Amino acid sequence: MKTTLHIDWTVADICKGFIYDKNENKGLFGLNGKLIIQPEFQRNYIYGDGKKDVAVVESLLKEYPLGLIYFVKNTDGMYEVLDGQQRITSFARFVNNSWTFAVMRKGKPHYFASLDEDDKRRILDAKLTIYVCEGSPSEIQEWFETINIAGVPLVKQELRNASYHGPFVTKARVMFANTGNAKMSRWQTYVKGDPKRQAVLETALDWVSDGNIDDYMAKHRYDDNIDELQNHFETVIDWIESVFDYTGAEMCGLPWGRLYAEYHGQAYAKDEVARRVAELLDDTQVTNKRGIFEYVLGDEKNTALLSVRVFDEKTKRAAYNKQTAAAKKHRKSNCPLCAVGNDNNRERIYKLSEMDADHVTAWSKGGATDMKNCQMLCKTHNRAKGNR
């Protein structure tokens, strides 16, 4: 990868031809049309309270350095901001008289137009320290991960967008990173995270690629449509809604892409699914409500998904003491399954640490997690008993 240090570009140079999109709160272009300030891989402008905007301008007035800024140079000769987009947008908005914020000078608020000429020159003539890099997607991504250690860290998908920027990412962001998309509210019932931070896009890519997002983005980088990505994503969403009526918070963020791949070929009675989901949500023995949906999809075979409530220490000790006292009286093992056997353990008295609590009647068959349904078994028999 090639890197070039520029110390000759000034704030005035960057502000030439600056365009700001008020609808999306982001800078678009600068450097007389040669710089893309808000590439498709960058998040939207996020200095929300205005304080950091002011801090950027005040730093220039005090002749403080703004820190390193990084551009990437494309094959067409255009530059894109890799790191520093928010700082550039702050001072460019101020210089170009957007009238969105003012700075205090001599106790009074000032916009750029009302500053003294020496203050204007102090801002405009400030030299910036900018590194320009040219390289392959993997090199740019690795570099971006290294330099992005301060401020608001970029998430993995934002880094992928930087590495594989092109028509596919542009169209994908329009669809999946746009909070104004009318479908977004429905999608966020099942997909967790902020669309602006690329969470929905990352999920869509994860589903369609079976977890191989980088390979998929590399393969489709120059595609001029996102039909496969969009169709697969919406197919998964449609499948979820065809099986489940429930739309509670427990549904959000589940691995729906994997669940679709594993179970979409099976038939389900929606009314029966709704009844079982409601019962399990109300069951106080079920401590992992998010596991209910995969449990139902899997024909209710894997109870580990539900984290069924276990016996507390007080209950286990009480059951142990009761069983042990009775076992000693009858000269039998305090493990009821060992006691009915014919081996050397039929009269063995186990320590509490050598035993596990077990549901006499399994939870899946209606057994409760209470003293009446608790028995202590030796670890060997408890593991062998399973869910019988």
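The following paragraphs describe a strand region, a helix pair and two buried asparagines in a predicted model.

The strand E5 (69-73) is a suitable place to begin. Four of its five residues are buried, so E5 is largely enclosed by the rest of the structure. E5 pairs with two strands. With strand E9 (residues 130-134), the pairing is parallel and comprises four bridges; within it, Ile69 has Ile130 as its bridge partner. With strand E6, the pairing is antiparallel and likewise rests on four bridges, and here Phe71 is partnered by Val81. E5 and E6 together form a hairpin, with five residues between the two strands. In the turn of this hairpin, Gly77 adopts a positive phi of about 90 degrees.

Asn74 belongs to the loop between E5 and strand E6 (79-83). Its relative accessibility is 15%, and because buried means under 20%, Asn74 counts as buried. Beyond its neighbours within four places in sequence, Asn74 is in contact with Glu80 and His165. With Glu80 there is a polar contact between the two side chains, at 2.9 Å. Asn74 is also brought into spatial relation with Glu134: the two are 60 residues apart in sequence, yet their C-alpha atoms are 7.2 Å apart.

A second asparagine, Asn181, lies in the loop between helix H7 (167-176) and helix H8 (184-187). Asn181 also counts as buried, at 15% relative accessibility. The side chain of Asn181 makes polar contacts with the backbone on both sides of its position in sequence: it reaches the backbone oxygen of Met175 at 2.9 Å, and one of its polar atoms lies 2.9 Å from the backbone nitrogen of Lys183. When residues up to four places away in sequence are set aside, Asn181 touches Met175 and Trp187.

The helix pair remains to be considered. Two packed helices are described by the angle between their axes and the distance between the axes. For helix H6 (residues 156-163) and helix H9 (residues 199-209), the angle is about 75 degrees and the axes are 9 Å apart. H6 and H9 are therefore roughly perpendicular to each other. On the H6 side, the contact involves Lys156, Gln157, Arg160 and Asn161, which meet Leu201, Glu202 and Leu205 of H9. The residues of this contact comprise two nonpolar, two polar and three charged.

Definitions and conventions. Residues are numbered from 1 along each chain as its sequence is written. This is a predicted model: local features need pLDDT of at least 70, side-chain atom pairs count only at pLDDT 80 or more; totals for chains, interfaces and linings use all residues. Side-chain values use heavy atoms; hydrogens and water are left out. Buried means under 20% relative accessible area, exposed over 50%, partly exposed in between (1.4 Å probe, protein chains only). A polar contact is a pair of N or O atoms within 3.5 Å; within protein, one must be able to donate a hydrogen and the other to accept it, and residues adjacent in sequence count only if both atoms are side-chain atoms. Contact means heavy atoms within 4.5 Å. Axes are lines fitted to C-alpha atoms, for helices over the stretch in contact, and angles run from 0 to 180 degrees between N-to-C directions. Angles under 35 degrees count as roughly parallel, over 145 as roughly antiparallel, 65 to 115 as roughly perpendicular and the rest as oblique. Ala, Val, Leu, Ile, Met, Phe, Trp, Tyr, Cys and Pro count as nonpolar, Asp, Glu, Lys and Arg as charged, and the others, Gly among them, as polar. Two strands pair if DSSP finds at least two bridges between them.
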